Amino acid sequence: MSTLDWHKSSYCQAANNCLNVASAADGTIRLRESEAPDTVLTTTPTHLGHFIRAAKAGEFDHLNP
């Protein structure tokens with residue numbers, strides 16, 4: 001298994017609570033939170049794009065308390 005080149009979000013100012021993203025050799029996108037680096041979500045560029053567009057459109061705003 002190859003080592004992933006993780007990138008930290010530019011919005012992350014603190015050492016914790018950061019989103020890390022990596023592109024894997026199989027074409028998938030890997031996501032993890034800096035506080036739990038052993039928990040990795042795997043998705044495709046297409047699905048991640050759908051999620052980002054939905055979040056920008058406010059489709060998940062109802063989840064905020």
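Visitor: What share of the contacts in the protein with a separation of 6 or more comes from residues 24 or more positions apart?
Guide: They account for 8%, where a contact means heavy atoms within 4.5 Å. This is a predicted model, where local features need pLDDT of at least 70, side-chain atom pairs count only at pLDDT 80 or more, and totals for chains, interfaces and linings use all residues. Residues are numbered from 1 along each chain as its sequence is written, and side-chain values use heavy atoms, with hydrogens and water left out.

Visitor: What pattern does the protein follow along the sequence?
Guide: Reading along, you get β-β-β-β-α, which fits a count of 1 helix and 4 strands. Helices (H or I, at least four residues) and strands (E, at least two) are DSSP runs, numbered from the N terminus. Helix H1 covers residues 45-56, and strand S1 is just 7-8, so a run of two still makes the strand cut-off of at least two.

Visitor: Why is Arg30 called buried?
Guide: Arg30 has 16% relative accessibility. Buried means under 20% relative accessible area, exposed over 50%, and partly exposed in between (1.4 Å probe, protein chains only). Since 16% is under 20%, Arg30 counts as buried. Arg30 sits in strand S3, residues 29-33, and touches residues including Leu4, Trp6, Val21 and Leu41, leaving out those up to four places away in sequence.

Visitor: What makes the link between Thr28 and Arg30 a polar contact?
Guide: Their side chains come to 3.1 Å. A polar contact is a pair of N or O atoms within 3.5 Å; within protein, one must be able to donate a hydrogen and the other to accept it, and residues adjacent in sequence count only if both atoms are side-chain atoms. The 3.1 Å is within 3.5 Å, so the distance passes. Thr28 lies in the loop between strand S2 (19-23) and S3 and, at 15% relative accessibility, counts as buried because that is under 20%.

Visitor: How do you know whether Asn17 is buried or exposed?
Guide: Its relative accessible area is 56%, and that is over 50%, so Asn17 is exposed. Asn17 lies in the loop between strand S1 and S2. Beyond its neighbours up to four places away in sequence, Asn17 touches Glu33, Ser34 and Glu35.

Visitor: How do you know that a disulfide joins Cys12 to Cys18?
Guide: A disulfide is a covalent bond between the sulfur atoms of two cysteines. Here it is taken as a pair of cysteine sulfur atoms within 2.5 Å. From S to S, Cys12 and Cys18 are 1.6 Å apart, so the pair meets the cut-off. The whole structure has 1 disulfide, and both of its cysteines, Cys12 and Cys18, are buried.

Visitor: What makes Ile52 fit in a nonpolar patch on the surface?
Guide: Patches are made of residues with over 30% relative accessible area and no salt bridge: like charges are joined within 9 Å, nonpolar side chains (Val, Leu, Ile, Met, Phe, Trp, Tyr) within 5 Å. A salt bridge is a side-chain nitrogen of Lys or Arg within 4 Å of a carboxyl oxygen of Asp or Glu. Ile52 has 38% relative accessibility and counts as partly exposed; 38% is over 30%, so Ile52 passes the area test. Its partners are Phe51, Phe60 and Leu63, and the four share about 380 Å² of accessible area, found by the Shrake-Rupley method with a 1.4 Å probe, where for residues only the protein chains shown count as cover.
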